[in-house]
Amino acid sequence: MNKDKILIVCALEIETQGQLDDWEVIYTGVGKVNATMKLVDRFTDYNYAKPDLVINYGTAGSRKIKKKTLVDCTKFVQRDMDVTGLGFMRGETPFEDDPPLMLDFGITPLNNIKRRATCGSGDSFVEDRTQYYGEVVDMEAYALAKVCYRYDIPFVSFKYITDGADEQAHEDWEANLADGIVVFKDKVLSEVER
């Protein structure tokens, strides 16, 4: 795969620790709105050729996958979309036929990571069970996946599990944050560069 046709998307520079200087990277900021705006801005910039692949890298929490594990998220849902009071399923955007409730990108072209997961994105840092939905929780992946779905651009997402999405999440996230980019470069980007 041509490295020059790949766009890496991350929420925060702190997640990459300055280790992706030789890649095309955009930092979106935190949350679904910021992620959507930044990626749409990039795709609609007339001076920019659309990538052949978008790779999302970031940190995430999980109550099902142990900390310090890199996972390949292939399914995405909005964990904070809740219109069940009107008869819709949790995660379903009302009155929207496409995309489906759960975006499924299936097996990715970078499939050397054996652990696949469903990622629930929402605009909250998960520290209690009421906000938990999916095997992995983050704050941007669903939005990025939806933009790529709309623009018909292949999308992969790798999340480094920093915390247990529990009352210690903020401490664990800070403690484990720097380790993820090393694993991501070793297990994912090294495969792209071959």
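## Chatting through a predicted fold

Visitor: Let's start with helix α2. Is it enclosed or open, and why?
Guide: Helix α2 (residues 141–151) is largely enclosed by the rest of the structure, because eight of its 11 residues are buried. Buried here means under 20% relative accessible area, exposed means over 50%, and partly exposed is in between, with a 1.4 Å probe and protein chains only. Helices are DSSP runs of H or I with at least four residues, strands are runs of E with at least two, and both are numbered from the N terminus.

Visitor: What kind of model is this, and how are residues numbered?
Guide: It's a predicted model, where local features need pLDDT of at least 70, side-chain atom pairs count only at pLDDT 80 or more, and totals for chains, interfaces and linings use all residues. Residues are numbered from 1 along each chain as its sequence is written, and side-chain values use heavy atoms, with hydrogens and water left out.

Visitor: Back to α2, then. Which residues are buried?
Guide: In α2 those are A141, Y142, A143, L144, A145, K146, V147 and C148.

Visitor: And what follows the helix?
Guide: D152 does, with a positive phi near 55°. D152 sits in the loop between α2 and β8.

Visitor: Buried or exposed?
Guide: D152 counts as exposed, because its relative accessible area is 69%.

Visitor: Where else is there a positive phi outside glycine?
Guide: F95 has one, near 60°. F95 is in the loop between β4 and β5, and with a relative accessible area of 73% it is exposed. For background, most residues other than glycine have a negative phi, and most peptide bonds are trans.

Visitor: Speaking of peptide bonds, where's a cis one?
Guide: Between D98 and P99, with omega at about 5°. P99 belongs to the loop between β4 (70–78) and β5.

Visitor: Switching topic: how many disulfides?
Guide: Zero, taking a disulfide as a pair of cysteine sulfur atoms within 2.5 Å.

Visitor: Why doesn't C119 bond with C73?
Guide: C73 holds the closest cysteine sulfur to that of C119, but at 4.5 Å it is too far for a bond. C119 is buried, because its relative accessibility is 0%.

Visitor: And C10?
Guide: The closest cysteine sulfur to that of C10 is in C148, and 13 Å is too far for a bond. C10 counts as buried too, at 1% relative accessibility.

Visitor: What about cavities, how many are there?
Guide: One of 30 Å³ or more, and the largest cavity has a volume of about 40 Å³. On a 1 Å grid over the protein atoms alone, a cavity is a set of points where a 1.4 Å probe fits but cannot get out, while a pocket is an open set with protein on both sides within 12 Å along at least five of seven lines; lining residues have an atom within 4 Å of a point. Grid points are joined across faces, edges and corners, and a volume is the space filled by probe spheres set on the points.

Visitor: Which residues line the largest cavity?
Guide: Among them are C10, E15, T59, L144 and K159. Strand β3 (residues 53–61) gives the most to that lining, with four residues.

Visitor: And the largest pocket, what's its volume?
Guide: About 250 Å³. It has 17 lining residues, of which T59, F125, D138, M139 and W173 lie nearest the centre. Again β3 gives the most, here with three residues.

Visitor: How does that pocket lining divide by class?
Guide: Nine nonpolar, three polar and five charged. Ala, Val, Leu, Ile, Met, Phe, Trp, Tyr, Cys and Pro count as nonpolar, Asp, Glu, Lys and Arg as charged, and the others, Gly among them, as polar.

Visitor: What does T162 touch?
Guide: Beyond its neighbours within four places in sequence, T162 has contacts including T59, K67 and W173, where contact means heavy atoms within 4.5 Å. T162 lies in strand β8 (residues 155–163), and at 0% relative accessibility it counts as buried.

Visitor: Last one: where's F43, and how far is I153?
Guide: F43 is in helix α1 (residues 32–43). F43 and I153 are 110 residues apart along the chain, yet their C-alpha atoms are separated by 9.9 Å. F43 is buried, at 3% relative accessibility, and its contacts outside the four neighbouring places include L7, V54, V147 and I153.
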